[in-house]
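Me: I have a model open and would like to talk it through with you. Shall we start from the outside and work inwards?

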Amino acid sequence: MSVDVKIGIENSPRELAFATGEKADEVYAAAQRALDGTDSVLALTDDKGARVLVPSAKIAYVEVGSAENRRVGFGAA
């Protein structure tokens, strides 16, 4: 299962979008800590193992999608 995450960064016209294998609640909690000022950096890992670090002072918004299994193929399931 993977969760889609979109992070808006101040003064940047594009958002940072990736999928992560972490649970949606864990991603939401990490974003909440960063936006509250508890953590100075939002640190996440995408589903390919790459680490994403965003300074909390530059975060405009964080969108955490719902967890779902990736479907492969064209058949009806």
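Me: How much surface does the protein expose, and what share of it do carbon and sulfur atoms supply?
Reply: Happy to help! Accessible areas here come from the Shrake-Rupley method with a 1.4 Å probe, and for residues only the protein chains shown count as cover. The protein exposes about 5,600 Å², and the share supplied by carbon and sulfur atoms is 50%.

Me: What should I know about the model and its numbering?
Reply: This is a predicted model, where local features need pLDDT of at least 70, side-chain atom pairs count only at pLDDT 80 or more, and totals for chains, interfaces and linings use all residues. Side-chain values use heavy atoms, with hydrogens and water left out, and residues are numbered along each chain as its sequence is written, starting from 1.

Me: What pattern do the helix and strands follow along the sequence?
Reply: Helices (H or I, at least four residues) and strands (E, at least two) are DSSP runs, numbered from the N terminus. The protein has one helix and five strands. Read along the sequence, they give β-β-α-β-β-β.

Me: What percentage of the residues is buried?
Reply: Buried means under 20% relative accessible area, exposed means over 50%, and partly exposed lies in between (1.4 Å probe, protein chains only). Of the 77 residues in the protein, the buried ones make up 25%.

Me: Which elements each supply at least two residues of the largest nonpolar core?
Reply: A nonpolar core is a set of buried Ala, Val, Leu, Ile, Met, Phe, Trp, Tyr and Cys residues joined through side-chain atoms within 4.5 Å. The largest one has twelve residues in all, including Val 3, Phe 18, Ala 30, Leu 42 and Ile 59. At least two core residues come from each of strand 1 (2-9), helix 1 (24-36), strand 3 (41-45) and strand 4 (51-55).

Me: Which residues does Val 5 touch, not counting those up to four places away in sequence?
Reply: Val 5 lies in strand 1 and, at 1% relative accessibility, counts as buried. Contact means heavy atoms within 4.5 Å. By that criterion, Val 5 touches Leu 16, Ala 17, Phe 18, Thr 20, Val 27, Leu 44 and Glu 63.

Me: And with which residues is Ile 59 in contact, leaving aside its neighbours within four places?
Reply: Ile 59 is another member of the largest nonpolar core. Its contacts are Ile 7, Gly 8, Glu 10, Ala 34, Leu 35, Leu 42 and Val 54.

Me: Why do the buried residues of helix 1 line one face?
Reply: Helix 1 has 13 residues and reaches 18 Å from its first C-alpha to its last, close to the 18 Å expected at 1.5 Å a residue (the expected span is 1.5 Å times one less than the number of residues). Its buried residues are Val 27, Ala 30, Ala 31 and Ala 34. Seen down the axis, they line one face because they fall within an arc, taken from the directions from the helix axis to the C-beta atoms, of 95°.

Me: Which exposed residues does the face of helix 1 turned away from the buried side carry?
Reply: Just after the helix comes Gly 37, with a positive phi near 95°. On the helix itself, the face turned away from the buried side carries the exposed residues Asp 25, Tyr 28 and Asp 36.

Me: Which side chains meet in the salt bridge?
Reply: A salt bridge is a side-chain nitrogen of Lys or Arg within 4 Å of a carboxyl oxygen of Asp or Glu, and the structure holds one. One partner is partly exposed at 26% relative accessibility, and the other is partly exposed at 38%. At 3.1 Å, N to O, the respective partners are Asp 39 and Arg 33.

Me: Which residue has a positive phi of about 60° although it is not a glycine?
Reply: Most residues other than glycine have a negative phi. The residue you want sits in the loop between strand 1 and strand 2 (15-20), and is exposed, with a relative accessible area of 78%. With its positive phi of about 60°, this is Asn 11.

Me: Last one: with which residues is Ser 66 in contact, leaving aside neighbours within four places in sequence?
Reply: Ser 66 is found in strand 5 (residues 59-68) and is exposed, with a relative accessible area of 56%. Its contacts are Ser 2 and Val 3.
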